[in-house]
Structures are given as structure tokens and as C-alpha cells.
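This briefing goes through one protein model, from the chain as a whole down to single residue pairs. Please keep the sequence and the 3D view open while reading.

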Amino acid sequence: PRASSAAAPPDMSSKEEAGLGDLFGRQAAQVLPTPVSPAWYAPNERAWYGENDYAKCGKKQKESLVSCSLTVSYAPTGRAKCRRCGEGIEKGELRLGYPFRWRANEDAYPLYLHPECYVPEVFGIKEKELRSKVFGFEALNNTERAQLWKKMRSRGKEAAASTESLLAADELSKGNIGPAAELAKLKQVAVPKELVVPMLPFQREGLTWMCHQEDSGVGGGILADEMGMGKTIQAISLLLARRQTAPCLVVVPMAAVLQWVSEIERFTKPGALRVMVYHGAQKARTATEFRKADVVITTYQTLENEYRRETNKSRVSCKWCGKLFQPDKLKVHQRYFCGPDAQRTAKQQRTEKKFQDAAKKAMVNMGITSSSSSSKAYSPPTISNIYKDFMKEAGVELKAKGYWGIRREVQERLQGPQASSSSRGSRGSGDGESLNRERLGLLPACELRTLCESRGLEGKGKKADLIDRI
């Protein structure tokens with residue numbers, strides 16, 4: 001329930017009521033995620049910079065940053081939640097944003113608050129400092145500024161929330177609310193006759209609650225009893241009490257598969273539940289027998305493999321690099337990383353430069369290149385690039401790119417144009433020596449498709465299928 005709907009309890013003393021504000025403020029300062037300080041805000045990027053990030057920025061970029069503690073703006077959507085009270089921030093409402101960093105080596109990102117949830121003990125902004133410490137304050141008119149400062153100073157929401165917590169504690173102590181009161185309202189479910197072991201009282205309560213959850217609009221829940229409290233027997237009793245027309249899927253770690261099979265046999269009458277294990281080499285055969293079972297037990301690894309196999313069917317190829325992506329991921333890939341129109345954001349460029357600097361330093365340490373040449377264009381230490389460096393030292397400039405391109409160019413230089421044309425003819429004729437599975441496995445899928453089409457084969461399907469056709 002919202003805090004504004006609460007009323008003060010009649011038996012609360014004035015001393016307790018007076019101390020609610022200070023108590024709630026101290027607790028809020030402890031619960032609220034610690035903001036990054038000092039911090040700079042980039043209006044164009046809508047991003048926050050910490051002290052270390054600011055030191056790495058250039059002179060021109062530093063001029064565009066604004067030193068502040070908070071931002072104020074109207075919420076463009078209703079997805080954000082207040083990090084103090086947990087309630088949603090409605091679209092079009094004024095909200096305060098501040099920088100937060102989960103780890104020291106990560107970028108800062110914004111968290112949002114209701115103006116009424118502002119914590120003076122954390123930010124310590126005075127009225128005369130609003131223009132300098134709250135970015136966006138200047139864009140508000142005088143009425144909006146006055147309303148914002150009034151909400152930031154108000155303690156009504158804190159007092160109402162504290163009052164409501166006292167009311168809830170009083171109701172809980174009387175037994176009017178809480179788990180016990182909720183369970184007392186539920187219709188008790190009898191223990192299934194197929195269960196051959198007695199259930200403890202709290203286990204019967206768990207069965208009643210789970211049956212209620214199955215019949216409700218939620219359609220499920222989480223049974224979070226501790227280890228050894230009998231979660232398995234409660235789950236088995238649910239399967240017996242709520243029979244389904246389709247089999248029930250049980251996903252467990254590999255070590256618990258046989259445990260579930262044995263406990264179903266031990267806790268139920270013979271033939272009460274038909275069990276099938278979906279795992280290993282027998283998956284293709286047992287998939288047709290699902291309807292004959294009441295319980296299908298599988299592992300997390302099997303479920304993940306099946307999921308990936310199904311999702312891979314919807315992957316599409318990038319027209320620039322030939323790699324396969326899901327349709328939604330392909331848009332991001334072509335927007336930021338691949339293609340003539342791809343353009344990375346400022347943060348992505350800084351991250352890439354950091355990795356390049358680390359790679360250059362590693363190349364110098366491994367003796368792949370000298371420190372004087374490390375300032376030149378970045379060249380990843382791949383087998384092809386290392387080979388091209390050695391050939392360049394020998395006076396041979398290779399123009400081809402990629403492993404197979406360099407290999408063909410080297411063969412042409414060593415054997416001459418006639419041998420090169422004959423080698424191309426032997427590759428086109430399907431010589432097993434020049435095209436074996438190991439070499440085909442190194443080719444990207446786009447080259448395999450081109451090779452299939454040149455031989456009159458179907459160029460669709462997965463990489464393994466293309467290799468089989470060739």
C-alpha cells in the first residue's frame with residue numbers, strides 16, 4: 001500500500017512521533033546506494049563521470065562536462081523506480097538522478113529518486129547551492145523550482161511510511177496479518193492417498209499453499225524451505241494432488257536425477273507416477289514417449305543445450321561479416337560494430353582503446369614487436385599478423401588478409417602462376433587432400449556457402465551441414 005494512505009496510530013506518543021524523522025533519515029542514509037563523489041555529468045551523452053574517468057578525458061571533453069551532485073528532469077517513461085522507497089516514478093513526474101558505481105572499475109550509471117525521497121544526510125545540498133549542484137535546475141521555471149525544493153525538504157512521506165510500519169507491526173503481533181493468518185484462510189488440502197509416508201504439519205501447510213498457488217492467477221511459486229526440510233516430498237505430494245493431463249517437467253542438477261527417481265519410488269505407491277529421465281544419448285528415442293509419462297526429469301545442461309539448438313534456428317547472417325546473430329542482436333551488431341554505417345559510442349571507443357593499449361603492452365613483453373613500433377597502428381597478435389611481420393622482415397610484403405588468403409598468396413608466390421591455377425583447379429574438383437574437414441572447419445560460414453554454390457550444392461544450413469555436403 002502507498003504510504004500516503006496511512007493514518008497516525010492513536011496510541012503513539014508525541015515523543016515517538018517527533019523522533020521518526022531523524023530515525024528514518026539515518027536509516028535512509030544507510031540503505032541508499034552510495035553516490036559517486038565528486039562527479040561530472042555529460043549532458044550530450046546523458047552519462048556520469050567519476051574522478052578517474054574525468055582525469056582520462058581530453059581538454060575539449062572536460063569543457064563539456066558539468067560538475068554536479070544531482071540531475072532533475074521529467075521522467076520520459078514510467079519504468080524507473082525510486083531507489084529509496086521502491087515505488088515507481090510515474091511518467092511526466094519530476095525525478096532526481098545521481099551517479100552510482102557498483103565496482104570501482106565500472107562506469108557510473110544513474111539511479112533515480114522521488115524529490116520527496118531526497119536524503120539531506122547523503123547529499124547535503126542547501127537552497128543556495130541548487131543552481132550549482134543540481135543540473136537541470138536552471139531549466140525549471142520559478143514555480144517548479146519552489147515546488148522541487150519544498151518536496152526535497154518535506155518529511156511527510158517519511159513520517160507516513162514510519163507510521164504505516166508501526167501499524168503493520170501492531171497487526172502482525174496480534175496475528176491479523178502475516179503467513180499464519182493467510183494460511184488460516186486457505187482451504188486445507190488432504191494428503192494424497194498414493195503417498196505412503198506421513199507428512200509433518202508444516203509440510204501439509206506447504207502442500208496447501210502450493211495447491212492454492214496453482215489454482216490462483218499466479219500459477220506457481222517458490223518453496224524456499226531449508227535443506228533437509230522435505231521439499232522433495234512436498235513437491236511429489238503436489239504432483240499427486242494436482243494431476244495434469246501433460247507430464248510435469250522437473251529440472252535438477254545431474255547429481256540429483258537418480259535421487260528424484262528413487263524418492264518418487266520410495267514415497268509413492270507402485271505405479272502412482274510414471275517417471276522418465278530425459279538425458280544422454282537416449283534423448284532422441286525418449287522424446288516421442290513424453291505423453292506416456294507423468295514426470296519427466298532432466299538436467300540444467302540438457303535444457304540449455306535444447307534451448308540453444310532451438311534458438312539457433314532463428315539466427316540470421318550479417319551481410320558484412322557473415323557471422324550469425326539473433327535478429328535483435330544483429331541490429332546492435334550492425335549499429336555499433338559492423339558495416340560501413342557502424343559507429344561506436346564514446347564509451348565503447350574508450351573501452352576499445354584500453355584493450356588495444358593492453359594488447360600492445362603484451363606484444364612488447366612477449367617480444368612480438370618492439371616498444372618503438374608499438375605506437376603504430378594496432379595489429380592484433382594473431383597467427384596471420386605474426387606471419388606477415390616475419391615475411392615483411394624477409395622483404396616480402398603480403399597484401400592478402402585472413403589465414404586462407406595469406407596461404408593462397410604464399411603458394412602463388414612460391415609455385416608460380418601456373419601451379420597456382422592448377423592448385424585452384426584441384427581445389428575446385430574436390431580433392432580430399434586440399435579440402436579436409438579440419439581445414440573446412442577453419443573457414444567462416446560465408447566462405448563455406450560460396451564454396452557450396454560454386455560446386456552446385458545447396459548453400460543453406462548450419463556450418464556442420466555445409467561441411468558434410470562439401
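The points below cover the overall chain, two sheets, a helix pair and one local contact. The model is predicted, not experimental. Its protein chain contains 20 helices and 12 strands, and 30% of the 470 residues count as buried.

**Whole chain**

- The accessible surface of the protein chain is about 30,600 Å², and carbon and sulfur atoms contribute 53% of that area.
- Among contacts in the chain with a separation of 6 or more, 49% link residues that are 24 or more positions apart.

**The parallel sheet: β8, β10 and β9**

- Three strands make up an open sheet with the order β8-β10-β9, and their pairing is parallel.
- β8 (248–252) and β9 (275–277) each have a single partner strand, so these two stand at the edges and one side of each lacks a neighbour in the sheet.
- From one strand to the next, the twist averages 25°.
- Five bridges connect β8 with β10 (residues 295–299), in the parallel sense.
- Within this part of the sheet, V250 has I297 of β10 as its bridge partner.
- Helix α13 (residues 300–311) packs on the sheet and touches β8 and β10; the direction of α13 makes about 85° with that of β10.

**Helix α10 and its surroundings**

- How much of α10 is covered? Eight of the 11 residues in α10 are buried, which leaves the helix mostly covered.
- The buried residues of α10 are T232, I233, Q234, I236, S237, L238, L239 and L240.
- These buried residues pack against two helices, α9 (201–215) and α11, and against the strands β8 and β10.
- β8 and β10 also belong to the parallel sheet described above, so a reader may view this helix and that sheet together.

**The crossing of α10 and α11**

- Helix α10 (residues 231–241) and helix α11 (residues 257–267) have axes that come within 11 Å and cross at roughly 65°.
- The crossing is right-handed.
- On the α10 side, the contact is made by T232, I233, A235 and I236; on the α11 side, W260, E263, I264 and F267 take part.
- By class, six of the residues in this contact are nonpolar, one is polar and one is charged.
- T232, I233 and I236 of α10 take part in the contact with α11 and are also listed among the buried residues of α10.

**The mixed sheet: β6, β5, β4 and β7**

- A four-strand open sheet runs in the order β6-β5-β4-β7, with mixed pairing.
- Its edge strands are β6 (109–113) and β7 (134–135), and each of them pairs on one side only.
- Strand β4 (residues 70–74) and strand β5 (residues 94–100) run antiparallel and are joined by four bridges.
- S73 stands opposite R95 of β5.
- In general, strands of a sheet pair through backbone hydrogen bonds, in either the parallel or the antiparallel sense.

**A local contact at E51**

- E51 is part of helix α2 (residues 51–56).
- Which residues does E51 contact, leaving aside its neighbours within four places in sequence? The contacts are with P38 and W40.
- S37 is 14 residues away from E51 in sequence, and the C-alpha to C-alpha distance between E51 and S37 is 7.7 Å.

How values were computed
Residues are numbered from 1 along each chain as its sequence is written. This is a predicted model: local features need pLDDT of at least 70, side-chain atom pairs count only at pLDDT 80 or more; totals for chains, interfaces and linings use all residues. Side-chain values use heavy atoms; hydrogens and water are left out. Buried means under 20% relative accessible area, exposed over 50%, partly exposed in between (1.4 Å probe, protein chains only). Contact means heavy atoms within 4.5 Å. Accessible areas come from the Shrake-Rupley method with a 1.4 Å probe; for residues, only the protein chains shown count as cover. Axes are lines fitted to C-alpha atoms, for helices over the stretch in contact, and angles run from 0 to 180 degrees between N-to-C directions. A crossing is left-handed if the near helix is turned anticlockwise from the far one by less than a right angle, and right-handed if clockwise. Ala, Val, Leu, Ile, Met, Phe, Trp, Tyr, Cys and Pro count as nonpolar, Asp, Glu, Lys and Arg as charged, and the others, Gly among them, as polar. Two strands pair if DSSP finds at least two bridges between them.
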